[in-house]
Amino acid sequence: MARIMSGVQPTGNLHIGNYLGALVNWVRLQAEYDAFFSIVDLHALTQRPDPEALRRAVREVAIGVLASGVDPDRATVFVQSHVPQHTELAWVLMCLTPLGDLNRMTQFKDKSHHQPENVNTGLFTYPVLQTADIVLYRADRVPVGEDQEQHLELARETVRRFNHVYGETFPEPQVVKSNAPRVMGLDGESKMSKSRNNEIGLFETADETMQKLRGAKTDPARLRKTDKGTPEVCNIFSYHGFFTSESQREEIAAGCRSAQLGCVDCKKMLCQNMETVKGPIRERAAELRSKPKDLDAILERGAARARAEAEKTMEMVRARVGLGVRA
Ligand code: TRP
């Protein structure tokens, strides 16, 4: 079975962008691959989160991953910092990575811009740690969104360099393109993200979601209920694409074009359909939250399997690069 590896950052609560963009894919891929899924808390440190908030976020994201249907009996689900080999390998790879390669990373530039008061070297070497995450498990494929493609290109380059200098060791990881499109935020202007405060939380109740949907932008040409709309330009209609059956979507589109259906009713239908997905996830999450010891055990089991695989790789790496005492 080919292997995949992917990671999610424990920042804030999961939203439907994370769910549609990553988690749905993870659930699908766990059946076809030997999957390693990590909650990457070391990466989150680059933003210097409050320690308690970080601990909480790691658990909440783990809960979200499991509640969405990732099965810990199938996939290896673990917290990155529980496997110390990640940082060990990252150091070895850093010593192979030219400064100029990291300087070109657009995400580093974006983030430096975003947090000018904290442009730390962890932020700079972030993609090297990400490369370590992947090659530690000798993963063949990596499911990520398009914003991670540059990091994956760097990972492949690093693998080629390592293999060239020290001998064939790692497979070049390929991107698995997710068929999930970018999920826009409630503002309809940028990608859904916690930092932009434009998200619909995965654990929100229907009431909370409806509250947010009420203020969400629709077709700007529809000022009054009697104005005819164009569903194709409406952000709310794009959400229907993820949650609503084709036949109901056709009804909605026709109602919007003819002004028979108002935006509030359209939003209510969306809210209800979202609840069909979110409701059961929210219930499973509540169940997991009520049994913290069980969650600990799941994560410890994942970490133990991950450590065993990671250590096999590190033994090889140490031998190749000349670490470890030998007569
Ligand atoms: N950088 C990725 C993101 O922000 C998260 C990540 C960390 C990751 N390590 C990874 C993704 C390894 C895939 C594989 O989305």
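**Close-up 1. The residues around the ligand in this predicted model.** The ligand is surrounded by Met5, Ser6, Gly7, Val40, His43, Tyr126, Gln130, Asp133, Ile134, Val142, Val144 and Gln148, where a residue is counted if one of its heavy atoms lies within 4 Å of the ligand. By class, this shell holds 6 nonpolar, 5 polar and 1 charged residues, with Ala, Val, Leu, Ile, Met, Phe, Trp, Tyr, Cys and Pro counted as nonpolar, Asp, Glu, Lys and Arg as charged, and the others, Gly among them, as polar.

**Close-up 2. Polar contacts of the ligand (pairs of N or O atoms within 3.5 Å).** A polar side-chain atom of Asp133 lies 2.6 Å from a nitrogen atom of the ligand, while an N or O atom in the side chain of Tyr126 is 2.7 Å from a ligand nitrogen, and for the side chain of Gln130 the corresponding distance is 3.0 Å. Helix H7 (121–135) is among the elements that give two or more residues to the shell, and H7 gives the most, with 4 residues.

**Close-up 3. The packing of helix H3 (residues 51–67) against helix H13 (residues 292–321).** The two helices (DSSP runs of H or I with at least four residues) pack at an angle of about 80°, with their axes 11 Å apart; H3 and H13 are therefore roughly perpendicular to each other, a term for angles of 65 to 115 degrees. Arg59, Ala62, Ile63 and Leu66 of H3 meet Pro292, Leu295, Asp296, Ile298 and Leu299 of H13, with contact meaning heavy atoms within 4.5 Å.

Residues are numbered from 1 along each chain as its sequence is written, and side-chain values use heavy atoms, leaving out hydrogens and water. Local features need pLDDT of at least 70 and side-chain atom pairs count only at pLDDT 80 or more, whereas totals for chains, interfaces and linings use all residues.

Terms used: Axes fitted to C-alpha atoms, helices over the stretch in contact; angles between N-to-C directions. Parallel < 35°, antiparallel > 145°, perpendicular 65-115°, else oblique. Polar contact = N/O pair within 3.5 Å; in protein donor to acceptor, adjacent residues only side chain to side chain.
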